[in-house]
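Dear colleague,

I am passing on the model that we spoke about, and I would be glad if you could look it over. My notes on it follow below.

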Amino acid sequence: MKNLFRIIILGLFLINTLSCKKDSVLKEDVVDPSIEIPTDEQKYGSVKITFSNKVGNEDLLLNNGHYMNANSDSFTVSKFKYYITNVVLKKSDGTSYVARESYHLIDSNKGNKYTIVLDSVPVGNYNAINFILGVDSLRNTSGAQTGALDPSYGMFWSWNQGYIFLMMEGNSPNSAAFNNTLIFHLGGFTQPYNCIRKINPTFGTSDLISSDGKTSTVEIKTDLLKMFESPSLIKFVQTSEGMGGAVAYTIANNCVNMFSVTSIQN
Amino acid sequence: MQKISIYLFLAALLQICACKVDSKIEPIVTEDDVVLRWPDYFPAPIYNFEGNKRSKEGFLLGKKLFYDPILSSDNTISCGSCHQQFVAFAHADHKLSHGVENKLGVRNSPALFNLMWQKEFFWDGGSKHIELQPIGPILNPLEMNETIEGVVNKLSQNAAYRTLFKAAFNTDSITSQLMLKAIVQFMGSFISANSRYDKFVQDPARNPFTESEKNGLALFEQKCGSCHVPPLFTDNSYRNNGLDEVFIDSGRYRITNINSDMGKFKVPSLRNVALTYPYMHDGRFETLDQVFNHYGSGIKQTGTLDPLLSNGISITSAEKGQIIAFLNTLTDLEFTKDLRFKE
């Protein structure tokens with residue numbers, strides 16, 4: 001009986017330690033001390049940022065969804081993956097919360113929704129968010145990376161090395177390429193075709209409020225159609241492929257308009 | 001009787017095991033062997049193994065990976081297939097790299113040494129970091145034709161590698177990051193700085209040059225040294241050295257998309273140059289003599305031709321002999337025979 005009791009205690013202890021470990025791994029986002037020095041009284045809330053992959057107002061459906069771009073070219077999508085990195089929340093007083101080790105690969109093949117959890121955001125009202133579509137040049141040149149930046153995810157160019165920031169592949173009858181394919185790999189972090197884009201989707205009138213021990217949510221829509229819309233209208237008959245270079249640069253400029261905040265729940 | 005046969009069986013088994021272990025024994029590498037040393041006239045290295053702490057175990061793991069065809073899709077090609085130690089880790093007598101299924105690559109396998117002092121890799125500088133460089137040949141369909149995911153899966157299923165990764169990085173999970181860092185712990189250790197030239201620089205009284213080598217050095221400095229800058233014998237720049245009128249291989253342009261980079265390739269180090277034939281990015285020249293003829297009278301005029309070469313380089317045949325005598329002093333047999341790097 002005594003032994004059984006001991007085993008149960010040991011078991012509980014083990015479960016406890018294991019789950020603790022998991023927690024600490026997930027807790028990747030902390031306040032950058034250079035921005036704001038947390039005090040003992042500092043209180044934190046959680047912020048969830050959810051990205052939803054859409055085509056116009058529809059959920060993206062890989063392979064079987066039939067869509068039309070702004071030029072009225074019909075197309076399907078077989079791959080849609082992109083890096084969201086360096087997430088920053090801003091307060092109206094000019095201070096910022098900078099998420100640390102903030103690298104996320106959103107892959108529609110793994111689901112159309114992706115949630116970034118920031119679990120220690122200092123309490124307060126935040127009126128803006130910004131992030132990078134792509135991977136900052138430093139991480140492109142800092143040697144072998146791990147986590148979301150592991151090159152095994154196939155988002156890394158082997159011959160002109162660096163990350164592919166956004167990968168969209170599909171088909172369109174308008175494409176003149178072999179098998180009517182569409183292949184757009186946006187990447188490159190040097191001039192003249194630097195494809196890193198800072199994205200500042202507006203919050204509108206409502207603030208994101210981080211409250212002690214509570215969780216707030218920001219919903220962001222990623223509209224794939226915007227890739228081909230403006231300022232440069234993409235016609236698949238002329239442009240069906242771009243791997244870095246001028247085409248990728250032009251589409252990256254369009255991608256700045258791809259993200260919009262659809263709701264904030266405090 | 002039965003007992004005896006069991007003993008015999010066990011003895012036989014032991015022997016088999018022992019044999020297997022024997023054949024796998026690595027040459028002994030001590031902690032001191034992985035300490036890096038270079039002469040004080042070398043510049044500060046670009047790569048300092050920051051975030052990649054060197055150890056004997058990491059070095060041995062990297063060495064096993066370097067020589068293991070497991071990195072290729074059909075398990076036939078290793079890094080060592082195209083980078084052979086006896087020719088300073090170039091590919092002896094091969095114009096172009098050889099990949100899986102006898103596929104031919106498009107460029108000549110470069111020699112590997114003094115990589116700590118290189119900012120960029122490949123003939124066109126397409127790799128910007130030594131730890132990322134191995135991804136190039138692993139993924140190239142004409143070279144190893146693998147995926148990073150595929151390599152990591154194969155390594156993870158291999159008990160020997162699980163043990164080696166555990167020893168090197170104290171982890172049970174094999175990642176591409178650790179694999180790449182381990183390869184660099186090995187390949188980044190290739191330092192070639194023990195040639196006769198180095199011994200001459202360090203102590204000319206005890207290690208004198210012959211008259212012809214001395215003249216060759218002076219001529220070299222005058223005619224070749226502005227690009228092949230001592231002590232590394234490269235300035236790590238990209239230049240069009242007048243090989244072609246029409247660029248089949250656009251070279252550096254492929255990376256930068258800048259027109260002025262058309263037909264430019266990295267200036268290679270001339271250390272060990274006597275060993276690393278054939279020459280140029282496509283291995284078109286078999287001999288140093290052909291290289292001299294090119295610079296003497298073969299320069300093709302194009303818009304991106306390096307200004308230093310617009311009139312070619314005038315070298316008499318007597319001078320050529322002396323420069324070649326000097327170039328031979330750049331051969332580092334201590335490096336090419338270093339047992340730490342031996343397959």
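Which residues does Met227(A) touch, if residues up to four places away in sequence are not counted? In this predicted model, the partners of Met227(A) are Phe80(A), Leu166(A), Met168(A), Phe184(A), Ile234(A), Ile251(A), Asn254(A), Cys255(A) and Met258(A). Met227(A) and Met168(A) are also the residues with the most contacts inside the largest nonpolar core, which has 116 residues. A second core, separate from that one, has 26 residues, including Cys224(B), Val273(B), Tyr279(B) and Leu305(B).

Chain A

The secondary structure of chain A consists of three helices and 16 strands, and of its 266 residues 48% are buried. If one takes the contacts in chain A between residues at least 6 apart in sequence, 76% of them join residues that are at least 24 apart. The accessible surface of this chain is about 13,000 Å², and carbon and sulfur atoms account for 54% of that area.

One peptide bond in chain A deserves a look, namely the cis bond that joins Ser230(A) and Pro231(A), for which omega is about 5 degrees. Pro231(A) is placed in the loop that runs between β14 (215-223) and β15 (241-243) of chain A.

Chain B

Chain B has 13 helices and two strands, and its C-alpha trace spans about 90 × 50 × 40 Å along the principal axes. Buried residues make up 52% of the 343 residues in this chain, and among its contacts between residues at least 6 apart in sequence, 68% join residues at least 24 apart. The area that chain B exposes is about 16,600 Å², with 56% supplied by carbon and sulfur atoms.

For the helix packing in chain B, I would begin with α9(B) (residues 211-223) and α12(B) (residues 317-328), whose axes come within 7 Å and cross at roughly 100 degrees. Because an angle of 65 to 115 degrees counts as roughly perpendicular, α9(B) and α12(B) are described as roughly perpendicular to each other. On the side of α9(B), the contact is made by Ser212(B), Glu213(B), Asn215(B), Gly216(B), Leu217(B), Leu219(B), Phe220(B) and Lys223(B), while α12(B) contributes Glu319(B), Gln322(B), Ile323(B), Ala325(B), Phe326(B) and Leu327(B). Sorted by class, this contact between α9(B) and α12(B) has seven nonpolar, four polar and three charged residues.

Helix α12 of chain B also receives the buried residues of α11(B), which pack against it. In α11(B) (residues 288-298), those buried residues are Leu288(B), Val291(B), Phe292(B), His294(B), Tyr295(B) and Gly298(B).

Some backbone details of chain B remain to be mentioned. A cis peptide bond joins Tyr277(B) and Pro278(B), with omega at about -5 degrees, and Pro278(B) lies in the loop between β2 (265-266) and α11 of chain B. Asp93(B), a residue other than glycine, has a positive phi near 60 degrees, and it is found in the loop between α3 (79-82) and α4 (135-139) of chain B. Phe122(B) has a positive phi as well, near 80 degrees, and Phe122(B) likewise has its place in the loop between α3 and α4 of chain B.

With best regards

Notes. Residues are numbered from 1 along each chain as its sequence is written. Chains are lettered from A and ligands numbered from 1 in the order in which they are written. This is a predicted model: local features need pLDDT of at least 70, side-chain atom pairs count only at pLDDT 80 or more; totals for chains, interfaces and linings use all residues. Side-chain values use heavy atoms; hydrogens and water are left out. A nonpolar core is a set of buried Ala, Val, Leu, Ile, Met, Phe, Trp, Tyr and Cys residues joined through side-chain atoms within 4.5 Å. Buried means under 20% relative accessible area, exposed over 50%, partly exposed in between (1.4 Å probe, protein chains only). Contact means heavy atoms within 4.5 Å. Axes are lines fitted to C-alpha atoms, for helices over the stretch in contact, and angles run from 0 to 180 degrees between N-to-C directions. Helices (H or I, at least four residues) and strands (E, at least two) are DSSP runs, numbered from the N terminus. Angles under 35 degrees count as roughly parallel, over 145 as roughly antiparallel, 65 to 115 as roughly perpendicular and the rest as oblique. Ala, Val, Leu, Ile, Met, Phe, Trp, Tyr, Cys and Pro count as nonpolar, Asp, Glu, Lys and Arg as charged, and the others, Gly among them, as polar. Accessible areas come from the Shrake-Rupley method with a 1.4 Å probe; for residues, only the protein chains shown count as cover.
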